[in-house]
Structures are given as C-alpha cells and as structure tokens.
Amino acid sequence: MGAVREGRVRTRVASAVDRGVPVVVRRLVAHEFRALHSLGLWTVRRRHRLPEGARPFPYTEPQTGTMWVFFFVSVLETVVLALVIPWPLVHQILLVTGVYGVLFVIALHASCVTRPHLVERDGSLRLRYGALFDLRVPATVIASVRVERCYSGSGIVRVGEDGSLDLVVAGQTTVVVELTEGVEYVRPLGRRGTARTLRFHADDPRAMVAALMESAAPLTPERTAPTSPPGPPA
C-alpha cells in the first residue's frame, strides 16, 4: 500500500508540475541537468548510453576552439567583475552567476563530447547535439546517405520549408540522409516537426557514411521505387 500511495503522490506532483510550469522552462531545466551529468561523464572519460555494437561518431571538432574561447572569456569576465564591483551583495550575485556561466560552458561542451552520433548494430541512426537534441532514425526508413558539405549559417537546429532538418555545428553540415518517410523530431524548446531530409555534421563524414551503408539492410524494391498502381480487375 505504501508503494502504491507513493506512486500516486508522484503522479499527482508530476501532473501539477506539467500544468503549472511551461514546457520551455521544463525543457531548459532538463537540458541543464543533462549537461551537468555529461560533465561528470566527461571527467571520468565515459560516453552516454553507448549500446553494444554501436559505432560513435563525434561532431565537436569545428566548435571546440570557439567553446574554449567562450570559456576563457567567461573566466576573465568573472574575475574582472569580482575585482571592480565594490558592493558586497552585487559582488556575490555576479560571482555566483559568473562561476555558473563558466561551468555551463564546460558542461555544454562535455555534453557534446559524451553524446556523439551513433550508427547502431541494426543500421539505425541516432543524431544528437549534446543534451539539446536527440533523434532516432530506424534503418528501414533510410533511403540514401552521402557526404555533402553545406554552410547553413547560425543556429543549431534549422528547419527548411522543403521538409528538411539541419543539425548544424559551427555553421556547417557534412552528411545528408534522405528518408523514405518523415520522422518526427523535437526541437530543443519543445516544438515538434517532421523531416524527410536530414543534414548534420560529423567530424569524419566519409567514415560515418560508410558505416551507415555497411549496416543498412539491403534496399528492397519497395524502398527504391514507388509501387506501381494496381492493374484493372481481370
């Protein structure tokens, strides 16, 4: 009875949180907790949920330098403000905010390092960007894959009017995956959409394309060409 009552209480609390806290706020808090967890994994040189037989493909190379610049700028800003602000309360608030900002920059980079893209044993694809984005693509809906470098501008997740989704790292993507049908994705702040073309970055795009082609199930006629319309009744 105690376990049942505890379960009901948790359900009620979760429902109250869902009703009272906006989706954007809940997702931001969840992202921060995942990033901090990734920082712990990075410290002990582990990766997040790497299934047996899955091949990881990192994507952080183009942004690593930028992340370290942000880190040193944040540290410098925190130190300077700590030295020039004379009011104790304001000094403490800015110090705490600055230290947390520095920690968050490191945690964001750690989340990207510990959550690489994956090509799983069955040929399915898992696209990730740190703790902010996670999309699973079954092998059965992958029609084609190729190396293609594109420059997409700023932003992490970009959605095209043609049903494409770009997962951008440092303004670029290097792999294109065409699908036989749309897959649903969730953007970092909770908005949903469907995409039939995926563009994303991998540090070694040729190796990732090769892994997808090796792991994918053989294409069937139904996956390579549209089904012919039925003929007239005999």
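Arginine 49 counts as exposed, because its relative accessibility of 60% is over the 50% that marks an exposed residue. In this predicted model, arginine 49 has its place in the loop between α2 and β1, and its phi is near 45°, a positive value in a residue other than glycine. Most residues other than glycine have a negative phi. Arginine 45 is found in the loop between α2 (23-43) and β1 (55-57) as well, and here too phi is positive, with a value near 60°. At 79% relative accessibility, arginine 45 likewise counts as exposed.

The protein as a whole has 6 helices and 9 strands. Of its 234 residues, 35% count as buried, while the exposed area comes to about 14300 Å², of which carbon and sulfur atoms supply 61%. Among the contacts with a separation of 6 or more, 67% are accounted for by residues 24 or more positions apart.

The UniProt record, in an unreviewed entry, places the feature "transmembrane region" at two stretches of the chain, residues 65-87 and residues 93-113. The table sets out how the model builds each of these stretches.

| Stretch | Helix | Strand | Distance between end C-alpha atoms |
|---|---|---|---|
| Residues 65-87 | 87% | 0% | 35 Å |
| Residues 93-113 | 100% | 0% | 30 Å |

Phenylalanine 70 lies in helix α3. With a relative accessible area of 48%, phenylalanine 70 is partly exposed, because this value falls between the 20% limit for buried residues and the 50% limit for exposed ones. Phenylalanine 70 and isoleucine 106 are separated by 36 residues in sequence, and their C-alpha atoms are 9.3 Å apart in space.

Isoleucine 106 also belongs to the lining of the largest cavity, together with Trp42, Met67, Trp68, Phe71, Val105 and His109. The elements that give two or more residues to this lining are α3 (61-84) and α4 (88-114). By class, the lining is made up of 6 nonpolar residues and 1 polar residue, with no charged residues. About 50 Å³ of space lies in this largest cavity, and the count of cavities of 30 Å³ or more comes to 1.

Methods:
Residues are numbered from 1 along each chain as its sequence is written. This is a predicted model: local features need pLDDT of at least 70, side-chain atom pairs count only at pLDDT 80 or more; totals for chains, interfaces and linings use all residues. Side-chain values use heavy atoms; hydrogens and water are left out. UniProt positions are given in the numbering used here, feature names are shortened, and annotations may be inferred rather than shown by experiment. Helices (H or I, at least four residues) and strands (E, at least two) are DSSP runs, numbered from the N terminus. Buried means under 20% relative accessible area, exposed over 50%, partly exposed in between (1.4 Å probe, protein chains only). Contact means heavy atoms within 4.5 Å. Accessible areas come from the Shrake-Rupley method with a 1.4 Å probe; for residues, only the protein chains shown count as cover. On a 1 Å grid over the protein atoms alone, a cavity is a set of points where a 1.4 Å probe fits but cannot get out, and a pocket is an open set with protein on both sides within 12 Å along at least five of seven lines; lining residues have an atom within 4 Å of a point. Grid points are joined across faces, edges and corners, and a volume is the space filled by probe spheres set on the points. Ala, Val, Leu, Ile, Met, Phe, Trp, Tyr, Cys and Pro count as nonpolar, Asp, Glu, Lys and Arg as charged, and the others, Gly among them, as polar.
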